[in-house]
Every structure is written in C-alpha cells, then in structure tokens.
Amino acid sequence: MRHFKKSHLLIGVGLVWVALSRIFQGEHTLELATADNTAFTTSVGDVAASIRGNRTKSSAFIYFFNPIRAAINGFVEIIRSIISVPSGNSIIPVIGWFGVVAIVALAVYATSKLRTALLVVSLLMACGALGMWQFTMDTLAMTIASVLLSLLFGIPLGIWAGLSDRVLKILTPFLDLAQILPTLVYLAPLALFFLIGTASATIATMVYSIPIAIRITAHAIRNLNQSPIEAALSMGSTPKQTLTKVQLPMAKQMIILGINQTVMAALSFVVIAALIGAPGLGKPVVDALIIRNVGQGFVAGFAVVFVAILLDRSTSAAAKAQEGFIPMTPHQIRGRRIKRAIAGLAAIAAIFASRSVLSLAVWPGSINIAQQVEDVTNHVTKWVTTNLYIFTVGFKDFISNWVLNPIETLLAFSPWFVTMSAIVLIAAVIGGIRVAMLATGLLALIVLSGLWHEAMITLTQTIVATLLTMSIGIALGIWVGRSVRAERIVRPFLDAGQTLPAFVYLIPMLGLFGPTRFTAIATGIVYSIPVVVKIVSEGIRAVPVAMIEAATVAGSTIRQIITKVQLPAAKKAILLATNQGMIFVLAVVVIGGFVGSGGLGYLVILGGSKPDLQGKGLVAGFAILLLGVTIDRIAQASARRT
Amino acid sequence: MVDGKSSAGEGGSLAHNPPAVSVRGLWKVYGPNPLSIVGSPDAKLSRSELRAKTGCTAAVSDVSFDVAPGEVFVVMGLSGSGKSTLIRCLTRLVEPTAGEIFLDGEDISKATPERLRELRRQHFSMVFQHFGLLPHRKVIDNIAYPLEINGMKKAERHARANEVIELVGLHGYAHAFPEQLSGGMQQRVGLARALAVDPQVLFLDEPFSALDPLIRRDMQQEIIRLHRELGKTMVFITHDLSEAVKVGDRIAIMRDGAVVQIGTPEELVANPLDDYVANFVRDIAKSHVLTLKYLARPAMPGDEIDGPEPSQARMSCA
C-alpha cells in the first residue's frame with residue numbers, strides 16, 4: 001500500500017516539475033557567465049589572496065603549515081633522489097635505471113613467482129621505451145612516499161578503530177566524507193595552504209588513501225574469528241598481549257591486502273595531483289589533454305597503466321604470500337633462503353653497475369618508441385572517428401538529443417526554485433522529512449554560492465551517466481552473477497578497471513568523442529561500471545541457492561527466476577551499487593572539465609589557472625562537495641528504506 | 001530452593017571439604033536497566049512475558065550451586081537455556097549482573113582486572129566449543145601460550161608443553177598447525193592448552209559438540225581418563241544428556257536461565273522433579289544409569305548378609 005503510494009507521488013512530482021519547467025523555461029536559472037564573479041566568489045577570492053599573502057607573516061604558516069610542507073618535501077625528495085632525480089653533487093640518482101629494474105624484479109621474485117618478476121621487468125622497460133622513465137620514477141617515488149606516510153597514520157588509527165567502538169564512531173563520518181569527496185575538490189584548498197608542489201600533492205594523496213588504510217585495517221580487526229580471542233582472554237592475556245599475539249597475527253593477511261588497495265588509491269591520486277604540481281606521469285597526461293593530442297596522451301597513459309599493473313601485481317603477490325598459516329617445510333625454507341641470497345647479491349651488483357656505467361644509469365635516449373606509439377594511436381583514432389563516425393558520433397548525438405538535453409532543460413533551465421523544490425520533494429518521498437530538510441539546506445547553500453546553474457549542469461551529467469552505467473552495469477552484473485564462466489571472463493577487466501586512475505580513461509574517450517559533454521559522461525560510465533558490476537554480481541550470487549531451487553522446482557522460467565527471485569532478493573545490492581556508481585560518476589564528471597564538460601569541474605580547473613577566478617574555483621569545489629553529499633544522502637536513504 | 005537441593009550433600013566429600021566452586025544467586029540480565037530485574041517479581045515471568053514487559057532478557061536467573069573438589073559437575077540444557085552465558089559468567093568473560101562466584105573461597109565476581117588475570121593465568125582455565133586455537137601458531141606454541149603470557153622462558157614452557165602433549169595423546173603433532181589437524185585433534189590441543197598451567201578448575205563449554213559422533217565418544221573417554229589421572233575439578237557444559245550421564249558426577253538441568261534440578265544421574269532418572277526433566281531423561285535406558293547400589297537400601301541390623309545358595313551369586317557379591 002505504502003509502496004504504491006510512493007511511486008505515484010514520485011510520478012506526480014515529475015509531471016508537475018515538467019509542466020512548470022515548460023511554462024517558466026529559461027527564467028530565474030541563475031546563469032552566470034564563465035568569466036563573471038559574484039560578490040561571494042569575489043570575496044572568497046580575496047580571502048584566498050590574503051591567505052596567500054600571509055604565508056611568510058602569519059604564525060599559523062610559520063609554525064604549522066610551512067614546517068609540515070618542508071618536512072614532507074624533504075621526505076619526498078629523499079625518495080626521489082634515490083630513484084629519480086640527481087642526488088647531491090652527482091648527475092644521476094643514487095640508483096640508476098638498471099638498478100631500479102633489478103631491485104623491483106628481484107624483490108618480486110623473492111616474494112613471488114619468476115613469471116611475475118618477468119612481467120614487472122617488461123612493464124618497467126616499456127615505460128622507459130615510451131620515453132617516460134623519469135616521469136615513471138617520479139610517480140613511483142611520489143606513490144611510495146604517500147603510501148608510507150598513509151600507512152604510518154592509517155594502520156595505527158585503523159587498529160584503534162578496530163578495537164574501540166568509540167573511535168570508529170568518531171572516524172566514520174570523516175571516512176564517509178573522504179569517500180564521497182571527488183578528488184578534484186580538495187586540490188585547490190590544499191594548494192592554498194601548502195603551495196603548489198610535492199607537499200600539497202603528497203598531502204592530498206594521503207587524504208585520499210588514508211581512509212582506505214583505516215577502513216580495511218579496522219575491518220580486519222573487527223571481523224576476526226572471535227573464538228581464539230575469547231580463549232586468549234580466558235587465559236588471562238592483557239589487552240596488549242591479545243593484540244600483539246592474537247589479533248594482529250590473525251589480521252595480518254587482510255591488512256596487507258589493505259596495503260595493496262592503499263597503493264592503488266595513492267597511485268591514481270598521484271596522477272591527478274599533477275594539477276597541483278605533483279611530479280610524474282600525470283604531467284604529460286594533463287599536457288596532452290590540454291592540447292587535445294590523443295596520441296601523446298596515449299603514450300603517457302600507457303605508462304600509467306603499466307605502473308598500475310606493476311604495483312598491483314607486486315603488492316598482491318606479497319599479499320598472496322601471506323595466505324594460510326601453514327609454514328614451509330625445511331626444504332622449502334632452505335630453497336627460499338638461497339633464492340633470497342642470490343636475489344640480494346644480484347641486486348647489489350646491479351646497483352653497483354647502474355652507478356658506474358652511464359648507459360645503465362640514465363635511460364638511453366636511443367631506445368625510444370614514443371613517437372611511433374603517438375603516430376600509430378593518432379592514426380587509429382583518426383581512422384575510427386572517420387570510419388566509425390556513425391557509431392561514435394551517432395551514439396553521442398542520440399544520447400545528447402534524447403537524454404542529456406531534456407534532463408538538462410529540466411534541471412538547469414527551469415527556475416531554480418522549481419528544480420530545488422522538485423529535488424526536495426523527491427528526497428522527502430524517498431527518504432523522509434529529515435533527508436528532505438538536509439537536501440533543502442545543502443541546495444540552498446549551492447544557490448547562495450551563486451553557482452546553481454553550473455551545479456545543475458554537473459548534476460545532469462551525473463544523472464545521465466549514472467542511468468547509463470546502471471542499465472549496462474545491472475545487465476552485466478546479472479550475467480556475471482549467474483554464470484561462473486562469465487565471471488571468469490569479466491573478472492580480470494573488473495580488477496583492472498578498478499585499479500586504473502580515472503584520469504587515464506579520459507584519453508581514449510577524448511579520441512572517440514572529442515571535447516564535449518559526452519566525453520565526460522562516457523568516461524564516467526567506463527570508470528564506474530566495474531564497481532557496479534562487482535556489487536550487483538555479488539548481490540545476485542548471494543541469493544540463497546535454496547530460493548532458486550524452490551523457484552525452479554515450481555516451474556519458473558529463467559526470466560522469471562531473474563525478475564521474480566534474484567533481482568528482488570538482490571535489491572539492496574543494486575541500490576548500494578547505484579549509490580557507489582553515482583559517487584564514482586560524479587568524481588569523473590568533474591574531472592571532465594578538462595575535456596569540455598563544463599559545469600563545476602571546469603570552474604575548479606579554471607580557478608587553478610586564472611588568478612581572478614580563483615575564488616570562484618574554490619566555491620565550485622565546495623559546491624561539488626555539497627552536491628555529492630546531497631546525492632549520497634538521498635541514495636542512501638532509498639537503500640535504507642527498503 | 002535450588003540451593004537447598006544441591007548442597008544436600010550427596011557424595012560424602014561435599015560435607016567434609018569446602019567446595020571448589022560455589023555459585024550464589026547468579027544473574028545475567030540483558031537489556032535496559034538490568035539490575036531492576038534481579039530479585040523482582042518480574043523475574044518469575046516467562047522469557048517472552050519479561051521481554052514484552054521490560055525489554056530485558058534474563059539469560060541466567062538466580063543460579064546457585066556448589067562443586068566439590070575433584071567433582072565433574074555438568075550443566076546441561078537446550079540451546080538458549082543460558083548454559084553458555086552461565087559458564088562465561090563463571091570465568092567473567094561475560095560480566096554477571098548480580099551474584100557471587102567463589103573459587104576456593106575467593107569471590108571472583110569482585111576481583112580487580114589484575115587479580116582476575118592472575119586467577120585466569122593460574123587457577124582456572126577453559127576449553128571452548130570451537131577450540132579457539134591460534135591459527136598462526138604451531139600446536140606446541142598454542143599450548144605454551146598461557147605460559148608465555150605469564151612470562152615463562154621459552155625452553156621451560158616448551159618442556160611443559162611437551163609434557164601435556166604426551167598427556168593428551170598428541171605425540172608427534174607438536175609442530176603441526178591447527179588447520180592441519182582434525183577437529184578431534186584440535187580439541188586435544190584445546191584441552192592440552194587448558195591443562196598446561198595445571199589449573200585447579202577446568203571449565204569446558206560444550207567441548208565436544210562440534211565433533212563427529214565417533215570422535216566425540218573417543219574424546220568423552222579421554223576426558224574420563226584425564227579426570228581419573230589428574231583429578232581436576234571440572235564444570236562441563238553440554239546439551240547432550242548421554243554425554244552428561246557419561247562424564248558427570250552430578251548434573252544441573254537448566255531451562256530459560258534457571259536451574260530446574262541438580263542431582264546425580266541416578267537421581268535425575270529415578271526422581272525427575274518435573275515433566276521437563278522427566279521428558280529429558282525418558283530416552284535414557286534406566287538400566288544404564290540405575291545401578292544395584294542405587295536400588296538397594298543400606299543394610300539394616302538383622303538383614304541376612306549372605307545371599308541365597310547357588311555359589312555364583314555369592315562369588316559376585318564378594
């Protein structure tokens with residue numbers, strides 16, 4: 001009865017909204033020309049300028065921000081001087097390229113299989129051959145530095161949150177917020193306090209990756225088999241003994257898995273952090289995107305993908321080595337010792353060689369296939385866009401004309417109060433009065449910021465990308481959830497898709513669709529489908545076998561089983577997937593500001609480069625945050641209410 | 001009322017020695033304001049009524065009993081009867097709401113955290129249904145764990161662990177890991193670990209419920225053997241009446257958190273106090289439990305001591 005009423009209410013709200021939008025089309029849309037500031041954005045710009053001016057004077061800077069910046073810069077520079085930039089008086093880093101390849105290969109070999117080691121070597125060499133050696137080393141150095149710092153804070157906090165309910169309760173809102181926050185949002189504010197450069201980039205990366213380390217560590221501690229812990233307590237263990245002798249050893253494997261995730265998150269952020277001066281592969285990616293050179297973007301993009309695979313394989317190999325508690329036989333232990341000794345000696349020899357032979361120290365310029373790769377990709381892109389025009393542009397135009405434009409008209413070109421009331425009413429129907437009040441507050445803040453119209457443009461793209469993501473993702477998720485074979489086929493792509501930095505997806509999409517709104521949407525779809533498929537397929541697979549057997553025995557067709565048993569039973573997973581999908585999509589859609597998506601993301605990026613629009617960029621970042629929280633709260637309420 | 005029955009003094013030992021474990025008016029109530037339930041008229045309500053009225057559940061309600069030194073005292077009940085909560089209250093893995101627990105005359109329920117740790121390390125230990133072994137440690141280091149946290153040197157604790165390994169029949173498994181062992185062998189490790197500190201009292205929480213029937217029988221024999229050899233006081237939880245009859249000197253039957261009847265197996269079978277107990281013991285073949293000793297009354301003056309003639313009968317009496 002209640003459900004019936006709810007859907008009718010939603011349709012009613014929709015109809016009134018469309019009607020009002022038709023009548024008042026184009027009025028009170030709060031449009032603001034890109035170059036214009038409001039009084040509010042101007043004053044935010046002034047505040048930002050005064051903060052910047054106070055860097056050498058204010059004690060907050062002298063005693064807090066500047067020392068932190070100096071310490072982090074110093075730490076990152078030490079790691080960079082080992083593998084990337086000339087150290088001290090030398091013209092080469094402490095370890096030349098040959099030494100780096102050898103160390104990485106031998107370290108992987110010592111913990112895992114020869115095959116993984118060979119893969120890792122070829123990936124590193126490929127980065128060198130793409131002419132990206134120095135950028136690759138910078139990215140590695142930045143990632144290593146941020147991961148070490150993230151783990152330094154994240155693991156102890158995670159353990160604490162795992163042991164204490166109170167700590168978890170305090171941390172949870174921050175962890176949630178960090179998960180909703182699109183990456184683009186906190187770059188500018190951090191740069192304001194820590195200057196553009198490695199320190200800001202490292203801190204921003206930590207903000208992004210620490211929550212992951214905390215969450216997984218806390219989860220690892222909380223989900224242990226309780227019976228050994230109870231036994232340890234019954235024998236009179238102190239809390240410290242229980243932690244060090246029981247809980248941590250049992251949680252070790254999961255915590256190492258968390259390190260893998262932290263590394264991947266850090267990598268994807270280090271690439272984006274090029275926007276605030278992080279050295280590394282992000283820089284050539286950004287450069288290529290700005291001049292719209294797809295081939296050049298591919299060269300850098302490949303290197304990013306290679307580094308991602310490299311880091312994922314080597315850290316997950318380390319996690320696998322921890323599987324099970326059964327130790328090796330003495331014979332195996334001796335074998336491993338010999339293996340490690342040889343690897344260690346070989347690494348020392350390689351480092352020595354890389355310091356004494358110039359061609360092993362600096363990547364030889366003669367080995368460079370960047371130009372060829374660039375030419376081939378530009379060629380292929382051109383061929384695709386001319387010959388498959390009907391598919392790329394046809395699909396783009398179809399979606400633009402029939403989905404994107406109508407929704408944009410409704411959201412962004414209706415009077416702001418009509419759109420806002422409609423969203424609040426929808427929130428009320430879905431989530432109840434509290435969610436509606438929250439939405440009212442958040443949306444009112446967006447209106448006050450003066451960037452309502454841009455926010456609605458971004459919301460439109462988010463909604464369209466989410467709709468497409470969900471229709472593809474649910475279909476794929478059902479397939480993967482029902483068939484073991486499908487899972488085996490799709491799984492590697494899902495895993496790869498989740499480890500790649502969002503930034504990289506922009507490059508091929510730019511090649512296919514050119515600099516348009518649709519490029520951002522397509523990137524958002526590609527980026528968020530893996531997570532949606534994963535959650536939906538897990539939900540489908542979690543439906544009890546007995547339920548399906550009962551339905552089959554009752555004579556259901558496959559279609560009936562899917563629609564009447566599996567989908568309803570997996571409803572919670574689907575709603576969760578929608579929520580996650582939306583958050584992922586929003587994060588990418590704002591990055592799409594680079595390739596012509598407009599909206600808030602564009603303003604953020606513009607604010608970074610144009611001093612007189614800096615305030616507007618900061619406000620836009622804040623508006624993205626407000627939008628993200630609004631979307632998340634409404635989506636979560638709908639998941640909770642079922 | 002329970003109290004009176006239990007300390008009535010079957011088995012002469014109780015009358016002479018102070019009890020090893022003595023429980024008085026023990027309560028564990030979950031829910032809002034649990035103390036208000038203790039001893040109130042509400043406590044007499046059934047579980048669902050109590051819950052509806054106060055939102056509380058009395059997992060253990062007003063339990064009292066004594067365990068004599070060297071006795072195997074079995075607490076038996078169906079799932080949800082509160083027996084697991086009871087044994088956790090005795091070891092304070094769960095904090096009791098009210099009541100007293102005396103171990104050799106010392107009230108455990110009032111022990112400070114430090115004293116409680118000391119008691120756990122030296123005076124009693126516990127065996128768990130799901131073994132609770134540390135998966136990352138070898139058998140020998142699992143068994144040595146309680147000695148290790150007590151600060152014993154490695155060589156010393158391994159020597160002691162090896163003794164216990166022999167005692168429980170784990171010879172040759174010292175360097176295996178728990179997941180390499182069958183359930184029965186894992187529980188032997190659990191037993192060995194509990195015995196390593198040479199405790200005065202052993203608490204066993206459904207130690208064999210997770211095992212296959214055949215292995216369960218072996219392990220019951222094992223516990224009987226160990227009890228004969230070591231003479232430890234044991235509090236043994238089970239939901240299996242035949243197990244209770246087999247290992248127990250006396251049995252307490254629990255229902256809805258309260259003790260219904262305490263007695264030797266013979267008494268429970270011969271004189272069930274109510275239908276609930278009668279229902280329980282109905283399937284036990286009386287001939288297995290009731291011995292001639294129970295059926296016969298003590299000799300009175302003037303009784304003929306000699307049996308009737310055929311010489312066989314005489315031989316068996318002698």
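Which residues are linked with A:K245 in a network of salt bridges? In this predicted model, for which local features need pLDDT of at least 70, side-chain atom pairs count only at pLDDT 80 or more, and totals for chains, interfaces and linings use all residues, side-chain values use heavy atoms, with hydrogens and water left out. Residues are numbered from 1 along each chain as its sequence is written, and chains are lettered from A and ligands numbered from 1 in the order in which they are written. The network links A:K245 with B:R137, B:E148 and B:R157, a salt bridge being a side-chain nitrogen of Lys or Arg within 4 Å of a carboxyl oxygen of Asp or Glu.

Within this network, the side chains of B:E148 and B:R137 meet in a salt bridge with an N to O distance of 2.9 Å. B:E148 belongs to helix 6 (residues 139–148) of chain B, whereas B:R137 lies in the loop between strand 6 (124–127) and helix 6 of that chain, so the pair ties together parts that are 11 residues apart in sequence. Here helices (H or I, at least four residues) and strands (E, at least two) are DSSP runs, numbered from the N terminus. B:E148 counts as buried at 15% relative accessibility, and B:R137 is buried with a relative accessible area of 11%, where buried means under 20% relative accessible area, exposed over 50%, and partly exposed in between (1.4 Å probe, protein chains only).

Over all chains, the count of salt bridges comes to 26. One of the salt bridges joins A:E230 to B:R88, with the closest N and O atoms 2.4 Å apart. This pair crosses between chains, from helix 10 (residues 226–234) of chain A, which holds A:E230, to helix 4 (residues 83–90) of chain B, which holds B:R88. B:R88 counts as buried, its relative accessibility being 14%. In chain A, a salt bridge is also formed by the side chains of A:D632 and A:R633, at 3.2 Å from N to O; A:D632 is buried, with a relative accessible area of 5%, while A:R633 is partly exposed, with a relative accessible area of 28%.

The secondary structure of chain A comprises 28 helices and 0 strands. The radius of gyration of chain A, taken over C-alpha atoms, is 26 Å, close to the 26 Å that the globule rule gives for 642 residues, so chain A is as compact as a globular protein of that length; the rule itself is 2.2 Å times the number of residues to the power 0.38. Along its principal axes, the C-alpha trace of chain A spans about 80 × 65 × 60 Å, and 53% of the 642 residues of this chain count as buried.

Two surface patches were identified on chain A, one positive and one nonpolar. Patches are made of residues with over 30% relative accessible area and no salt bridge, like charges being joined within 9 Å and nonpolar side chains (Val, Leu, Ile, Met, Phe, Trp, Tyr) within 5 Å; accessible areas come from the Shrake-Rupley method with a 1.4 Å probe, and for residues only the protein chains shown count as cover. The positive patch is formed by A:K113, A:R115, A:R313 and A:K320, with Lys and Arg counted as positive, Asp and Glu as negative, and His and the chain ends not counted. The place of a charge is taken as NZ of Lys, CZ of Arg, CG of Asp or CD of Glu. Of the patch residues, A:R313 is found in helix 13 (residues 294–320) of chain A and counts as partly exposed at 40% relative accessibility. The nonpolar patch, of about 340 Å², is made by A:V16, A:L20, A:I23 and A:F24; A:F24 is situated in the loop between helix 1 (2–23) and helix 2 (39–53) of chain A and, at 32% relative accessibility, counts as partly exposed.

Backbone geometry in chain B includes positive phi values at residues other than glycine, among them B:R92, with phi near 55°, and B:E206, with phi of about 40°. B:R92 lies in the loop between helix 4 and strand 4 (98–103) of chain B and is buried, with a relative accessible area of 11%. B:E206 is found in the loop between strand 7 (201–205) and helix 9 (213–230) of chain B, and this residue counts as buried at 7% relative accessibility.
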